[in-house]
Amino acid sequence: MVTSRASAGGRSGPARWLRATPVPLALVVLVALPGVVLGRVYAGDLLTWLMGGAAVGSVLVSAAARRLRSWLVAPVSVAAMAGWTLVGLHLAARHAALPGGFVEVVVDAARNGIPRLLTALIPVEPAPDTVLVPLVATWLAGLTGAEVALRAGRSLLGFLPPALLYAGALYVVGPNADPAFWPSVAFAAAVALGLAAPGRREAQVDDPAATLPPAVRAAVRVRVVAGGAAGVAVVVGLAALLGPALAARVDDRPMDPRRYVEPPRVESLDENPLIRISGWALHPEQELLGVTTLAPAGAQTRIRLAVLSDYDGVTWRVGATYRNAGRVLPAADPGPGAVDTVRQEITVSGLTGRLLPAVATPREVTGARVAFDPATGTLIRPEGLTPGLRYTVTSVREQPDANLLATADVPAGDEVARVLRVPDGTPEPLRRLAAQLAEDNGAPYARAAAIEQFLAEHYRVVADAPSGHAYPNLSFFLFGPRNGGGQRGTSEQFAAAFAVLGRLAGLPTRVVVGFSARGDGPVRAADAFAWPEVLFSGVGWVPFDPLPRPDAEPRPVGEDFRPPKEVPPPSEVPEPSLEPTATPPAVTSTEADGADRGLSAPALTALVVGVLALLVGVVLGVLARMRRAQTRSRLGGGDPSDRVVGAWRHVTDALRLAGRPVGGDLAATEVAVRARQVLVEARAARSGRGIDVPSVAGHPENGGDSGAADPVGLPLTALPTPSPGATPGVEELAGLLNQAAFAPGTLTVAQADRAASEAAGYVTALHAARPWWRRLVWSVHPAPLRWRS
């Protein structure tokens with residue numbers, strides 16, 4: 001008997017093992033398959049292996065801990081998950097070559113894992129922040145599925161967490177990879193294998209109805225058969241109802257979840273770094289970068305900062321959509337020209353912002369976390385540049401084939417509409433100049449060369465030219481009087497003028513801002529410049545240099561082009577009539593006598609005038625006292641935050657009194673720039689000098705509608721920027737206002753005193769710059785008493 005039982009136990013051991021294997025094996029496959037699906041949008045197969053390891057580990061821990069109490073399994077599995085996650089993060093950090101300590105990298109990954117996963121550039125670099133969420137989700141799905149399927153014996157319900165994980169992986173991939181046909185077939189096969197194996201409850205109980213009486217057993221079996229038939233009918237009905245609708249959507253493009261996540265954004269200076277050229281030109285010795293060439297780069301290399309493709313008539317902008325990228329950036333097909341590799345180590349010194357300089361076109365970046373725009377090739381560091389930041393960038397530099405340029409055409413269509421767009425409001429002289437330059441040059445390259453030559457021969461490069469590249473600024477640069485500041489500018493005006501004239505001539509153009517590096521060593525502000533590029537079919541983007549030679553004397557523009565004088569519109573004032581005027585009626589003696597008899601009228605008039613003057617004087621005195629009390633309350637009453645806000649209202653009220661109100665859509669720093677400009681214009685108007693700007697159709701003196709624009713009818717960005725030290729300003733007050741708004745309670749009494757002093761000084765200067773009759777009205781104007789902001 002003992003031998004018989006031993007033999008039965010020996011046979012039951014392998015049989016029990018075989019019965020217990022299919023469900024855990026199916027769970028491992030089901031939990032690992034999402035890693036295969038998600039790994040298709042990752043660079044390399046590191047993520048697939050890490051998620052596969054999490055699938056095996058989570059199921060094995062639950063299977064090995066089946067003899068433990070259920071409440072002990074979760075802590076044990078979570079501890080194992082933490083260990084495997086740390087191993088995976090370490091491997092990902094070493095693979096991505098991220099700077100910083102491991103703890104710092106783990107904390108950053110935990111804080112930003114989800115947004116960076118959905119904003120990462122495809123193919124996604126396996127980095128700690130892009131593998132953390134998939135690893136944790138995989139382990140939790142395996143833990144939940146194993147506990148339900150193995151411990152509770154509910155195989156079908158235990159397969160639900162892996163199915164949700166698989167659906168999530170498909171959703172994250174979206175339209176960025178081919179349909180996952182074979183992984184889906186494998187998933188269905190694993191589900192079928194797990195359901196076909198006898199479950200734990202089924203192995204322990206043969207037939208629950210076997211012990212029932214025959215009549216009851218028959219009724220139970222009939223009910224089971226009826227229930228099964230009803231379930232099959234429901235499934236068939238749903239398949240017939242939903243099958244055609246689902247089949248019709250098989251070829252639809254999947255939804256991309258990245259469209260709902262906002263990618264990293266940049267500040268205005270990073271969106272339009274072209275306006276920084278004039279500031280760098282005024283401080284040429286400022287060190288911005290340090291460059292060390294690790295691979296041959298030649299005697300002189302252009303380091304690109306940003307590519308500006310969008311122009312609205314006022315500002316050139318990058319207009320990029322940045323995606324978080326890993327160490328390796330997506331590669332584009334190079335043109336037919338020569339290609340060489342440039343590898344540089346760049347150290348940030350005085351350069352600020354988020355734009356990351358690199359030789360075009362970057363392919364690999366180590367030492368800094370970056371975001372990348374594939375359309376323009378522009379790099380940013382979302383955290384911003386800091387002094388001492390050191391990174392290594394490997395770029396593929398293309399050299400266009402000069403032999404193809406003479407006969408190369410330019411592309412057209414929707415793909416290049418962005419770099420061909422000419423905004424409305426183009427001044428007529430610009431159109432005529434572009435037409436003249438393109439008239440005798442039919443080939444696209446000849447047109448581009450003609451524009452380049454015209455700018456290089458007729459204009460002068462200076463360092464102190466004011467910033468600006470709006471239509472009025474370009475008109476003044478191209479056609480303004482040379483003795484009045486026209487026909488001179490920085491590389492900002494040269495590059496912007498070339499790009500606009502090129503688009504008017506049918507050339508796809510863009511503006512690039514960067515630096516000229518002469519070997520190794522520091523890159524200074526004097527090395528910063530802008531240049532235009534033209535896109536040619538089969539060649540790519542070709543840079544042009546419209547800057548004149550240093551020793552060249554510009555030729556007068558009038559020798560080759562002079563815009564036609566605008567004929568003033570006919571006067572709407574009616575011409576004087578040539579008919580003689582009627583003879584005035586004679587005054588009768590009776591009327592004269594009546595006038596003589598009104599001798600008391602002057603006295604009566606004087607009395608009335610005196611009373612009215614007294615009343616007016618009283619009203620004006622009351623208004624003046626109320627205005628002074630309001631000023632004292634604003635500048636000296638309340639806590640420091642209230643005083644700063646009051647000082648700001650004191651300045652904005654002064655701007656409204658000066659006829660230059662500021663809109664609510666402007667930031668405090670923009671209002672400060674506008675306030676300084678208003679004071680400059682007021683002083684210039686009083687001295688009779690004015691501000692040199694080109695005449696445009698929107699000028700109020702030319703019949704244009706000024707609306708809420710500046711006195712010259714131009715946007716603020718279109719006006720020359722004065723020197724910061726020339727006039728009183730409110731820049732510090734704007735900073736204190738931002739501090740009061742975003743860091744309440746941090747202002748001190750000394751800061752409030754400086755804010756009041758700066759506001760009072762600016763308002764006094766603006767008041768003194770007004771005409772004498774406006775100064776009389778200024779102090780008694782009642783409007784500030786009722787203005788609320």
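## A look inside: strand 2, two cavities and some salt bridges

Let's start with strand 2, which is mostly covered, with 7 of its 8 residues buried. Keep in mind that this is a predicted model.

Strand 2 has partners to pair with. Strand 14, residues 509-517, runs antiparallel to strand 2, and 7 bridges join the two. Strand 7 (residues 358-359) also pairs with strand 2 in the antiparallel sense, over 2 bridges. Ile303 is a handy residue to look up here: its bridge partner in strand 14 is Phe515, and in strand 7 Ile303 stands opposite Val359.

Strand 2 also turns up around a hollow spot. The structure holds 2 cavities of 30 Å³ or more. The second largest of them has a volume of about 40 Å³, and strand 2 (301-308) and strand 10 (378-380) are the elements that give two or more residues to its lining. If you want to find it, look for Arg304, Leu305, Leu356, Ala358, Pro362, Gly377, Thr378 and Leu379, which line it. By class, that makes 5 nonpolar residues, 2 polar and 1 charged.

Now for the largest cavity, with a volume of about 180 Å³. Its lining takes in 23 residues, and the closest to the centre are Ala127, Ala325, Gly326, Arg327 and Arg369. Which elements each supply at least two residues of this lining? They are helix 6 (128-151), strand 5 (323-325) and strand 8 (362-366). The lining of the largest cavity has 13 nonpolar residues, along with 5 polar and 5 charged ones.

Arg369, one of the residues closest to the centre of the largest cavity, leads us to the salt bridges. Side chains of opposite charge can pair when their charged atoms come close. In this model the count comes to 19 salt bridges. Here are three of them, with the distance between N and O atoms.

| Salt bridge | N to O distance |
|---|---|
| Arg116 and Glu383 | 3.4 Å |
| Arg369 and Asp129 | 2.6 Å |
| Glu147 and Arg151 | 2.9 Å |

Take Arg369 and Asp129, whose side chains form a salt bridge. Arg369 is in the loop between strand 8 and strand 9 (370-373) while Asp129 is in helix 6, so this pair ties together parts that are 240 residues apart in sequence. Are these two buried or exposed? Arg369 is buried, with a relative accessible area of 18%, and Asp129 is buried as well, with 5%.

The pair of Arg116 and Glu383 also reaches across the chain. Arg116 belongs to helix 5 (residues 102-119) and Glu383 to the loop between strand 10 and strand 11 (390-399), so the parts tied together here are 267 residues apart in sequence. Arg116 counts as buried because its relative accessibility is 11%, under the 20% limit for that label. Glu383, with a relative accessible area of 41%, is partly exposed.

Glu147 and Arg151, on the other hand, both sit in helix 6; being 4 residues apart, they are separated by about one helical turn. Glu147 is buried at 18% relative accessible area, and Arg151 is partly exposed at 22%.

One last thing to look for: Arg116, Glu383, Arg369 and Asp129 belong to a network of salt bridges that also includes Asp108.

Methods. Residues numbered from 1 in each chain as written. Predicted model: local features only at pLDDT ≥ 70, side-chain atom pairs only at ≥ 80, totals over all residues. Heavy atoms only, no water. 1 Å grid on protein atoms, 1.4 Å probe; cavity = no way out; pocket = protein on both sides within 12 Å on 5 of 7 lines; lining within 4 Å. Points joined across faces, edges and corners; volume = space filled by probe spheres on them. Nonpolar A, V, L, I, M, F, W, Y, C, P; charged D, E, K, R; others polar. Buried < 20%, exposed > 50% of the residue type's maximum accessible area, 1.4 Å probe, protein only. Pairing = 2+ DSSP bridges. Salt bridge = Lys/Arg side-chain N within 4 Å of Asp/Glu carboxyl O.
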